[in-house]
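Subject: The structure I promised you

Hi there,

Here is the structure we talked about, ready for you to open. Have a look around first, and then read on for my notes.

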Amino acid sequence: MISLSYGQRGGRAALAAFLPLVFFISWETLGRFDLLVDGLIPTPTRVLQAWWTWIAGPGGLALNPYSGTWASNLWFSLERVGEGYLLAIVIGVPLGVLIGWSRLAARMVDPSIQWLRPIPITAWLPFSIALFGIKDFGAIFLIFLGAFYPIVVNTTQGARDVDKNLVRAARMMGASGGTLLRRVILPAALPSVFTGLRIGLGIAWTAVIVAEMVAVKSGLGYVLWDAYYVGRMDVVIADMVSIGLAGYVSDRVLVLIESRLLTWRRLQSY
Amino acid sequence: MSLDAIKIAGVEKIYPGENPVTALQGIDLTIADGEFAALLGPSGCGKSTLLNLLAGFESTTAGGLEVYGARVSKPGPDRAVVFQEAALFPWLTVWENVIFGPQVQGLPAAQYEVRATETLKLVGLENFTKHLPVQLSGGMRQRVGIARVLVMEPKLMLMDEPFGALDAQTRLTMQQLLLDVWQALKKTVLFVTHDIDEAILLADTIYVMSARPGRIASRIPVDLPRPRNLDTLTDVHFNEMKKRIMHEMRH
């Protein structure tokens, strides 16, 4: 990591903001001159207005059914992602460590995972609805499945690549079985685990939107599809940006945890 | 009266495959309790393989290995190993690395914390307990590698070219440190090296190995007086000894 001076930072921020700025200004300008198909593509200012009402407008049975429902819908999505994702971690990480460490576990479990993995999570959707109905668990199941694969695969790889001498050193000092897995294999595999966690989180957000569009009646994904149906493109765009923000923030949180846990790794790369 | 530290009889190690490699053949070796033995030989002579067999990291194709009368079957704290690249856990601090052994063995903290502090002082790292391995130099890392096995109070230490990766200056410092530690603790040590000077300076007995297949070519007692220090390296007897061993290794 190279630290930048204040001036360099400012220069970089300006450079990064240039394209979005040009984009928004031309979008707004085209809209003002009626050069966008109105009703289909609203201007940025109209999107912001719709977003504001969605966030802070009066609730209840107003003319606008979205008014004031942003926070609760975001929360529904967050909750589902949280549950499915946690389930994927709780099952995926230990399983990955085991597959990476034990040849027996690898031969027994790994082929099944590799056969199931090519089925896209979207293809599981009808099955999931049939099985769990229009309920939360259908969505959570999809999120779990989507996040599970990258987590288990990357953890397996990490556990497999542990330096042989570290394992030898640990055994020489009397570590074996669960102690060895917990105190050596898992920490050594942690950088790969986090790679899997970050990919998994991205897929978890994809999965929750798809599931909510079809399988449940709440959340950002549900609003997205519903708003499209009634022709509220301003809400659709506000919703898209909201999803992007939620994904970005949750990824930053994960990176923060990673940098806390993997200080040794960061120092190593100097 | 006292049990031999190491007893190796007819050990053979063959790595199977399309072209099987005989790494070791007909190894017989007895090392006494408290002896500092050096295994000296060119790379590829199987000296590290022999050490790995004793450590329990690999298994023999034929023959038997005993350490203090117990047959070697798997790695354990009774045979402490110091690795060439230290092999410290990079996510643990110096202190955590040093107490790893007693900790995973389930000993109560009160029993090893004082010893760990003393050991760190002995290797000169008492002010670096909170550092991570990446923040240390190669020599300091190897000090931790030595401290973390000393803290287990092993009777036997197996050292696999522990100073081989260090620069010449640091190597000398570490050799002096090991001489001091050995003088203080008198452990049995099996020290693998390809450096003749190092073998003479440190060991009571040098076992010269030859390659392909690896076997023990000769046993050379080092009769230089102890305690030794780096001045020993320029001693007349040292040079005579070195000449003899170099001659031996050429044949």
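Below is what I found, chain by chain and then across the two chains.

Please keep in mind as you read that this is a predicted model.

Chain A

Let's start with the overall build of chain A. Chain A has 11 helices and zero strands, so to speak a run of α after α along the sequence. The C-alpha trace of chain A spans about 75 × 55 × 30 Å along its principal axes. Of its 270 residues, 36% count as buried. If you take the contacts in chain A between residues at least 6 apart in sequence, 69% of them join residues at least 24 apart.

One helix to look at is H9 of chain A, residues 220-229. Its buried residues are A:Leu220, A:Gly221, A:Tyr222, A:Val223, A:Leu224 and A:Ala227. What do they pack against? The buried residues of H9(A) pack against three helices of chain A: H3 (70-101), H8 and H10 (233-261). After H9(A) comes A:Gly231, which has a positive phi, near 75°.

Chain B

In chain B, I would begin with strand S3, residues 36-40, where five of the five residues are buried. Both faces of S3(B) are covered: B:Phe36, B:Ala38 and B:Leu40 are buried on one side, and B:Ala37 and B:Leu39 on the other. As a general point, side chains in a regular strand alternate between the two faces of the sheet.

Which strands does S3(B) pair with? Strand S8 of chain B (residues 188-193) runs parallel to S3(B) and is joined to it by five bridges. Strand S9 of chain B (residues 205-210) also pairs with S3(B) in the parallel sense, over four bridges. B:Ala38 is a handy residue to click on: its bridge partner in S8(B) is B:Phe191, and in S9(B) it stands opposite B:Ile206.

Chain B also has an open sheet of four strands, in the order S2-S1-S4-S5, with antiparallel pairing. S2 (21-31) and S5 (70-71) stand at the edges with a single partner strand each, so one side of each has no neighbour in the sheet. Further in, S1 (residues 6-15) and S4 (residues 62-67) of chain B pair in the antiparallel sense over five bridges. To find your way there, start from B:Ala9, whose bridge partner in S4(B) is B:Gly64.

Where the chains meet

Now for the two chains together. In all, 21 residues of chain B are in contact with 16 residues of chain A. On the chain B side, strand S6 (79-82) and helix H3 (100-104) are the elements that give two or more residues, and H3(B) has the largest share, with three. By type, the residues on that side divide into 16 nonpolar, four polar and one charged.

The core

Last comes the largest nonpolar core, which has 143 residues. A:Ile143 and B:Leu54 have the most contacts inside this core. Helix H8 of chain A (residues 177-214) gives the most to this core, with 18 residues. Why does the core lie between two domains of chain B? Domain 1 (1-75 + 157-162 + 188-251) and domain 2 (79-153) of chain B both give residues to this core, so it lies between them.

Around A:Ile143, leaving aside neighbours within four places in sequence, the contacts are A:Arg80, A:Val81, A:Gly84, A:Tyr85, A:Ala204, A:Ala207, A:Val208 and A:Ala211.

Enjoy exploring!

Best wishes

Technical notes. Residues numbered from 1 in each chain as written. Chains lettered and ligands numbered in written order. Predicted model: local features only at pLDDT ≥ 70, side-chain atom pairs only at ≥ 80, totals over all residues. Core = buried A, V, L, I, M, F, W, Y, C linked by C-beta atoms within 7 Å. Buried ≥ 20, exposed ≤ 12 C-beta atoms within 10 Å, placed from the backbone. Domains from an automatic or database assignment. Contact = placed C-beta atoms within 7 Å. Nonpolar A, V, L, I, M, F, W, Y, C, P; charged D, E, K, R; others polar. Pairing = 2+ DSSP bridges.
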